[in-house]
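Got the viewer open? Let's walk through it one selection at a time.

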Amino acid sequence: MLRAEGVSRMYMRKTGQANHFYAVKGASLALVPGQVAVLTGRSGSGKTTLLHMLSGLLTPTEGHVWLDDADLYALDDKALSRLRNGRIAVVPQGRSAIDTLTALENVMLPSLLYGGAGDRAAALACMAALGVEHLANARPAELSGGELRRVAIARALSQSPDVLLADEPTGDLDDENTALALSVLQSAAKRQGRAVLLVSHDTEAVRYADRVYRMDGGTLSEGQ
Amino acid sequence: MKMRQLPLKNLLGRPGRTAALVLLTAFLALSVFGGSVVVRSLRSGLDSLQARLGADIIVLPASAESKVSFKDLLLQGTAGAFYMDASALDRVREVEGVEIAAPQTFLASLKADCCAVKVQVIGIDPDVDFTVKPWIDRSYSQGLDDMAVAVGCRVTADVGESLKIYDRYTHVVAKLAETGTGLDTAVYCNMDTMKALLAAAEEKGVSHKITSDDSDLISAVYVKVKDGYDVGLVNNRLNGHVRKATAVKARSMFTDVSDSLTGISRTVTLLIGAIWTLAFIILVIAFAMMAAERRREFAVLRLVGVSRRGLCGLILTESALCSLAGGALGVALAALAVFPFTTLIETRLGLPYLAPSIGAALLLAAGTLLLTLLVGALASAWAAWRLSRTDPGTTLREGT
Ligand SMILES: Nc1ncnc2c1ncn2[C@@H]1O[C@H](COP(=O)(O)OP(=O)(O)OP(=O)(O)O)[C@@H](O)[C@H]1O
Ligand SMILES: [Mg+2]
């Protein structure tokens with residue numbers, strides 16, 4: 001289980017009289033295995049900032065993030081990196097493919113680290129689940145935004161993570177693919193018992209949610 | 001695919017950028033390898049010349065041109081024709097402080113059938129010679145019999161062949177090791193052979209006589225000074241005692257060559273230094289730009305679990321691959337530019353030039369590669385360090 005306790009992130013930026021502001025302030029939440037949590041909120045409200053802090057990619061100014069017994073930001077870089085590789089998968093906002101690798105190699109990438117041999121079959125299965133297996137040998141430059149998005153989701157799924165965090169995973173997708181991606185992510189929670197967090201503006205996403213959080217000017221609250 | 005292949009894939013996946021980095025390092029390697037080979041060759045050319053000379057003092061005929069012509073003979077192998085009476089040798093030996101005095105006689109061949117150019121025939125006295133003899137001994141230890149000759153490495157006649165000089169057949173018994181000096185085109189024989197050749201030249205109408213009588217002729221006397229005697233002092237004594245001859249200290253004979261060599265080395269070193277400073281700055285900028293352009297790519301690698309160290313390793317591996325490829329290319333280009341043109345460089349510079357042996361050249365090449373590797377690593381280290389310090393989350397937010 002992933003827990004955040006009073007995490008904040010402050011940035012130095014002139015706002016009004018103060019020269020700093022909080023992108024996220026004192027957020028606490030728990031992501032439970034087998035459940036889908038959806039985080040909504042207006043643009044600039046701090047959703048991405050929170051998601052990065054939850055995934056061990058951004059050091060909070062205050063607060064802690066726990067994965068089971070491990071305090072993520074108390075770990076050294078090596079241990080945290082390993083943990084990100086094995087247990088926390090992230091679908092970041094925007095493009096996230098390595099341009100010099102094929103789509104399939106991108107999906108396999110996490111399984112190649114730390115001496116892994118790479119699981120081609122599993123990677124292809126994840127791509128198939130999102131309807132992009134026919135693009136396995138294509139280069140990222142040859143893919144559309146929506147296709148890249150689905151490749152990124154496939155990469156996250158292929159990590160078989162305990163926690164899966166997706167930042168607007170359906171942003172570039174049409175209705176049909178949105179439904180496909182959301183149901184795949186939901187079944188990752190329901191069938192494989194992963195803890196899933198989706199950041200989404202999409203009202204459609206809320207229909208898949210077990211819990212809904214809302215971010216408002218850096219403050220997190222539960223419920224729509 | 002293996003993780004190990006990622007750096008190579010990255011390089012091959014962006015051929016333009018990789019080619020630019022490789023060419024830049026190739027340029028570095030070319031300058032340092034080519035430059036040091038040339039400088040080294042000049043150095044060892046001069047060293048070899050001085051070793052070949054091996055004497056403390058050279059006594060030459062007192063004519064105005066004999067010293068210049070002696071130097072040209074050693075440096076460029078041009079023929080010298082200056083003589084003095086053999087009695088000068090006895091006079092030299094009378095001087096206090098002279099340990100050994102070894103005569104040499106020079107004779108320029110006509111266009112011999114062996115060679116496209118005239119060769120210089122040098123007669124030595126094997127019993128007392130201490131400069132050329134040890135060198136000949138290294139290739140041939142039986143001594144020079146009558147009509148036997150040892151040839152410099154650039155004379156196109158091989159051991160066992162015969163060489164026709166003024167219609168006399170001599171046979172080649174030894175081919176000497178390269179010196180990079182004018183001596184490489186010379187032919188060595190003993191004094192009796194030389195006498196016969198001088199007589200043969202006479203028959204052909206090439207006269208070397210300096211007096212009407214038939215006294216023996218010598219061109220130079222190589223003097224070794226006894227331990228404990230001052231070379232300058234002995235030199236002065238020789239000048240006073242031996243008539244119609246000039247004694248020259250061997251050390252002062254090539255000071256001008258040595259000086260110009262030091263000048264050349266300094267210029268080359270400065271040039272290489274300037275090239276490296278410039279190229280290093282360009283490399284640092286190139287890596288910094290590359291790092292900026294690839295920030296997102298690197299953040300994604302961190303996202304899927306690559307550690308800071310892993311990321312630095314990846315960047316350094318890419319730079320090392322570029323350096324190795326560029327270094328090898330540069331060394332190869334330099335080798336192609338320098339080694340085949342050894343003779344051209346030598347004649348152009350008019351200086352002794354002794355190219356390094358294969359072993360030494362390989363060592364230089366290895367050193368060059370190591371240096372380019374180091375520079376590449378240094379240039380990318382800063383970029384790698386900066387990249388690995390920022391939170392990937394911060395980078396991932398940019399430009400989305
Ligand atoms: N490195 C930074 N320096 C200064 N301000 C930052 C930095 N990163 C984020 N912010 C600010 O923090 C706030 C929250 O940003 P964040 O990216 O988390 O928003 P978001 O909710 O994900 O928005 P969107 O829905 O548009 O993606 C924004 O006002 C942003 O400008
Ligand atoms: Mg966002």
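Select A:Asp167 and look across: A:Val199 in E8(A) stands opposite it. What you have on screen is a predicted model, so treat each stop as a look at a prediction. The two residues sit on paired strands: E7 (residues 163-167) and E8 of chain A run parallel, with five bridges between them. Now add helix H6, residues 175-190 of chain A, to the selection. Together, E7(A), H6(A) and E8(A) make up a right-handed β-α-β unit.

Stay with E8(A) and colour it by accessibility. How many of the five residues of strand E8 (residues 195-199) are buried? Five of the five, so the strand is largely enclosed by the rest of the structure. Show the side chains next: A:Val196 and A:Leu198 point one way from E8(A), while A:Ala195, A:Leu197 and A:Val199 point the other way. Both sets are buried.

Next, pick strand E3, residues 36-41 of chain A. E3 is parallel to E8(A) and joined to it by four bridges. To find a spot to zoom in on, select A:Ala37, whose bridge partner in E8(A) is A:Leu197. That is one of the residues we just saw buried in E8(A).

Time to zoom out to the sheet. Show E6, E7, E8, E3, E9 and E10 of chain A: these six strands, in that order, form an open sheet with mixed pairing. Which strands are at the edges? They are E6 and E10 (219-222) of chain A, each pairing on one side only. From one strand to the next, the twist averages 20°.

Now bring in helix H1 of chain A. H1(A) packs on this sheet and touches E3, E6, E7, E8, E9 and E10 of chain A. Its direction makes about 155° with that of E7(A).

For an antiparallel pair, go to E9 (residues 211-216) and E10 of chain A, which are joined by four bridges. Click A:Arg214 there, and you will find A:Ser221 as its bridge partner in E10(A).

Next stop: ligand 2, the magnesium ion. Which protein atoms act as its donors? They are OG1 of A:Thr48 and OE1 of A:Gln93, at 1.9 to 2.3 Å from the ion. This pair ties together distant parts of the chain, 45 residues apart: A:Thr48 belongs to helix H1 (residues 47-54) of chain A, and A:Gln93 to the loop between strand E6 (88-91) and helix H3 (103-112) of chain A. Are these two donors buried or exposed? A:Thr48 counts as buried because its relative accessibility is 12%, under the 20% cut-off. A:Gln93, at 22%, counts as partly exposed.

Then jump to A:Tyr22, in strand E2 (residues 18-31) of chain A. With a relative accessible area of 24%, A:Tyr22 is partly exposed. Select what is around it: leaving aside neighbours within four places in sequence, A:Tyr22 is in contact with A:Ser8, A:Arg9, A:Met10, A:Glu62 and A:Gly217. Try the distance tool on A:Arg9: 13 residues from A:Tyr22 in sequence, yet 5.7 Å from it in space, C-alpha to C-alpha.

Last, select the cysteines. How many disulfides does the structure hold? Zero, over all chains. Two to click on are A:Cys126, buried with a relative accessible area of 13%, and B:Cys189, buried at 0% relative accessibility.

Technical notes: Residues are numbered from 1 along each chain as its sequence is written. Chains are lettered from A and ligands numbered from 1 in the order in which they are written. This is a predicted model: local features need pLDDT of at least 70, side-chain atom pairs count only at pLDDT 80 or more; totals for chains, interfaces and linings use all residues. Side-chain values use heavy atoms; hydrogens and water are left out. Donors are N, O and S atoms within 2.8 Å of the metal (3.2 Å for Na, K and Ca); water is not among the atoms, so sites may look incomplete. Buried means under 20% relative accessible area, exposed over 50%, partly exposed in between (1.4 Å probe, protein chains only). Two strands pair if DSSP finds at least two bridges between them. A crossover is right-handed if, with the strands pointing away from the viewer, the path from the first strand over the helix to the second runs clockwise. A disulfide is a pair of cysteine sulfur atoms within 2.5 Å. Axes are lines fitted to C-alpha atoms, for helices over the stretch in contact, and angles run from 0 to 180 degrees between N-to-C directions. Contact means heavy atoms within 4.5 Å.
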